[in-house]
Amino acid sequence: MSELKFGERIREVRKNAGCSQKEFCAMLDIPQSTLSAYETDRMQPTVVSLVNIATTFNVSLDWLCGIEKSVSTFGTMGDALGAVYDLAEIAGLKIDFKINDHLPNDTETANERWSVQMTVYGNDSANPNNTEFCNGIRQISENISDLDSYSISNETYETEKVRLKEYYSHPISRKEFPKLSREERQKKHIEWVKQHLNDE
């Protein structure tokens with residue numbers, strides 16, 4: 001069972017969650033020495049530990065055990081929408097959301113349809129992950145188009161998915177959201193409103 005390399009996967013879960021070993025251990029209620037042994041494959045996690053990791057960090061047991069190649073599985077629309085939150089919380093990645101739900105006379109036309117858009121600008125010096133994200137999305141778009149037009153096989157498509165994940169395998173971190181008092185938050189909100197009124 002050691003060939004499953006639980007350590008790499010547990011470490012990946014922890015890093016994706018933006019946790020230090022100490023924070024991760026506190027969430028799982030395990031000693032840090034135990035986690036260190038898991039991550040270095042000196043000790044295999046118990047079934048209870050695996051279930052705890054899977055449920056706490058919303059990853060599948062099949063992935064933790066090496067059965068699935070991908071960490072992400074969507075069983076519900078809530079899972080998919082949760083992934084949008086995860087995207088929006090990546091440090092150095094800025095997504096602009098546009099919701100078009102105010103249609104003239106509440107009627108859809110060929111030019112006016114109920115829609116949502118997520119835009120990422122590739123050349124954004126303030127958000128360095130935007131460039132790689134846009135390049136990756138372009139590759140995904142091409143692969144999906146090739147699959148839909150039958151120019152590549154399902155096997156090639158799956159191989160391309162794995163290749164893309166491996167190419168962009170360097171770690172990312174989550175945005176830090178400061179914990180503010182109500183007064184501090186109100187002050188920041190007023191500053192934000194003034195700034196955006198000036199921008200307009």
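This report describes selected helices, contacts, backbone angles and a pocket in a predicted model.

## Helix α1 and its surroundings

Helix α1 runs over residues 6-16, and its buried residues are Phe6, Gly7, Arg9, Ile10, Val13 and Arg14. These buried residues pack against four other helices, namely α2 (21-28), α3 (32-39), α4 (47-57) and α5 (61-64). After α1 comes Gly18, a residue with a positive phi, near 70°.

One of the buried residues of α1, Val13, also appears among the contacts of Phe57, a residue of helix α4. With a relative accessibility of 15%, Phe57 falls under the 20% limit and therefore counts as buried. Leaving out residues up to four places away in sequence, Phe57 touches Val13, Ala17, Cys19, Phe24, Met27 and Leu28. For one of these partners, Met27, the C-alpha to C-alpha distance from Phe57 is 9.6 Å, while the two residues are 30 residues apart in sequence.

## Helix α7

Helix α7 comprises 20 residues, 129-148, which at 1.5 Å a residue should span 28 Å, and the distance of 28 Å between its end C-alpha atoms agrees with that expectation. Within α7, the residues Asn129, Asn130, Gly136 and Asn143 are buried. They cover an arc of only 150° around the axis, so they are placed on the same side of α7.

The cover over the buried residues of α7 includes helix α8 (154-167). Tyr150 follows α7, and the phi of Tyr150 is positive, near 65°.

## Ile95 ahead of strand β1

Ile95 is located in the loop that connects helix α6 (77-88) with strand β1. Although it belongs to a loop, Ile95 has a relative accessible area of 12% and is buried, because that value is under the 20% cut-off.

When neighbours within four places in sequence are set aside, Ile95 is in contact with Leu87, Ala88, Met118, Thr119 and Val120. Two of these partners, Leu87 and Ala88, fall within the range of helix α6, residues 77-88, while Met118 and Thr119 fall within strand β2, residues 115-119. Ile95 and Cys134 are 39 residues apart in sequence, and their C-alpha atoms are 11 Å apart in space.

## Positive phi angles in two loops

Most residues other than glycine have a negative phi. Against that background, Asp41 has a positive phi of about 60° although it is not a glycine. Asp41 is found in the loop between α3 and α4, and its relative accessibility of 28% makes it partly exposed, because this value lies between the 20% and 50% limits.

Asn105, which is not a glycine either, likewise has a positive phi of about 60°. The loop that holds Asn105 joins strands β1 (96-100) and β2 (115-119). At 73% relative accessibility, Asn105 is over the 50% limit and therefore counts as exposed.

## The second largest pocket

The second largest pocket of the model has a volume of about 220 Å³. Its lining is formed by Glu176, Phe177, Pro178, Trp192 and His196.

By residue class, this lining divides into three nonpolar residues, one polar residue and one charged residue. Phe177, Pro178 and Trp192 are the nonpolar members, Glu176 is the charged one and His196 is the polar one.

Conventions. Residues are numbered from 1 along each chain as its sequence is written. This is a predicted model: local features need pLDDT of at least 70, side-chain atom pairs count only at pLDDT 80 or more; totals for chains, interfaces and linings use all residues. Side-chain values use heavy atoms; hydrogens and water are left out. Buried means under 20% relative accessible area, exposed over 50%, partly exposed in between (1.4 Å probe, protein chains only). Contact means heavy atoms within 4.5 Å. The expected span of a helix is 1.5 Å times one less than its number of residues. The arc is that of the directions from the helix axis to the C-beta atoms. On a 1 Å grid over the protein atoms alone, a cavity is a set of points where a 1.4 Å probe fits but cannot get out, and a pocket is an open set with protein on both sides within 12 Å along at least five of seven lines; lining residues have an atom within 4 Å of a point. Grid points are joined across faces, edges and corners, and a volume is the space filled by probe spheres set on the points.
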